[in-house]
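User: Could you take one helix contact in this model and walk me through its geometry? After that, carry on to whatever else stands out.

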Amino acid sequence: MTTQAKTASTCPPPETAQGTHVFDILGYSKHRGMGADYFIRSGVFNVAGHQWVIFFYPDGYGEELAGGFDFVSAYLRLLSTSGKVRASCDLRLVNPGTGVSTSVHPTLVITRELDPEKDKVVCHCMCIGRGELEGTYVKNDRLTMECVVTVRKEPKVSKSRTFPSIRVPPSNLKRQLAELLESREGADVTFAVAGETFAAHRLVLAMRSPVFKAELCGPMREVGMGTRPVVVEDMQPDVFRAMLYFVYTDSMDHNEDLSRDYHSKNCDMVRHLLVAADRYAIERLKLICQSILCNNLDVQNVATTLALADQHHCDKLKHACVEFMCCSNNAQDVVATQGYMDLAKTSPSVLADAMGRMSKISKKVMTRALQAQDGSSIS
């Protein structure tokens, strides 16, 4: 079983650092009338390790003057060059009568990204009409403002951590059942096959084969117990052993030698296993044998395989043999083989049926070829 590691990381709420700089402008009226480019610069102050300064324009600045309105402006400038900074600026004017500071733009305090490398280091933090400013916040020719700078720090995302997991090993049922068969522990039935004796378990055999179930759990259930083994005729011990292994494990890899035989062109063992699987109605084993034989069809064995498929009701394998024989490169060679000659003598009906199927398949192939030719000529 494949397991996938599950990891996680956590992003906490962003941390912020805040600082307030009080900027007093004395002799306010003496700074008026100096032109739009004139500004008053505050002292440098530090917030969150970055240096800042306020630029105050008594006669307004830039686009604010385009409409002919009389505005006063202030900007916050970042002096540090240590990378991008995300900050917000809340400029508050102090009412000299009450000592209370009021935000100039309370609804516009938003965080901006300032990048010294791209000269985006200015944050516009005040634009107010001169009449409102001087009528409310200037007294004794003095203007006091408070600049609250809030710097949002980069979130400190935690290192990825691995979730605890419990590894589930792959199933060992196949190995355990193979060991059960090999150890003979708890075996309650024996088979005699060409001089060799095999011990097995009735319940396993009955579960996997309806034929075994009828023989071992029906009226003959006493047979095979004690000194009365079940005699298996017309089967070699190696074939019966391989079949038992499949019954217990649903696998054909009984040993390396058999495994090589299954996938080589010498498919004698597979043929015998197919017969055994048909005899005991072990359908999956029978289908696997058909698949192996189909994959190993050649000119020399196709006629023999066709006879075997017909004898044991393997329709899919029969169809595969007929299609193989229909191939234009194979037909004449197949007819010349000994297997084909034996098939003609022993099973002429099978051969006649194959010929009929070959004729139908050939007609279909010819029809498709003509249709393709007509289509290409039309186009």
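Analyst: Axes here are lines fitted to C-alpha atoms, for helices over the stretch in contact, with angles from 0 to 180 degrees between N-to-C directions. Bear in mind that this is a predicted model, where local features need pLDDT of at least 70 and side-chain atom pairs pLDDT 80 or more, while totals for chains, interfaces and linings use all residues. Residues are numbered from 1 along each chain as its sequence is written, and side-chain values use heavy atoms, without hydrogens or water.

Let's take H7 and H9. The axes of helix H7 (residues 268–279) and helix H9 (residues 302–311) come within 11 Å and cross at roughly 10° (helices are DSSP H or I runs of at least four residues, strands E runs of at least two, numbered from the N terminus). So H7 counts as roughly parallel to H9 (under 35 degrees). On the H7 side, Arg271, Leu274 and Val275 make the contact, and they meet Thr304, Thr305 and Leu308 of H9 (heavy atoms within 4.5 Å).

Just past H7, look at Ala281, in the loop between H7 and helix H8 (283–295). Its phi is near 55°, a positive value in a residue other than glycine. Ala281 is partly exposed because its relative accessibility is 23% (under 20% is buried, over 50% exposed, using a 1.4 Å probe and protein chains only).

Asn140 also has a positive phi near 55° and isn't a glycine. This one is in the loop between strand S11 (138–139) and strand S12 (142–152). Asn140 counts as exposed because its relative accessibility is 72%.

For a buried residue, go to Thr249, found in helix H5 (residues 237–249). Its relative accessible area is just 8%, so Thr249 counts as buried. Leaving aside residues up to four places away in sequence, Thr249 touches Lys174 and Ala178.

Burial also marks strand S6 (residues 71–78): 6 of its 8 residues are buried, so S6 is largely enclosed by the rest of the structure. Strand S5 (residues 50–57) runs antiparallel to S6, and 6 bridges join the two (pairing takes at least two DSSP bridges). In that pairing, Trp52 stands opposite Leu78 in S6. S6 is also joined to strand S10 (residues 122–129) by 7 bridges, again antiparallel, and there Arg77 stands opposite Val122 in S10.

Methods
Parallel < 35°, antiparallel > 145°, perpendicular 65-115°, else oblique.
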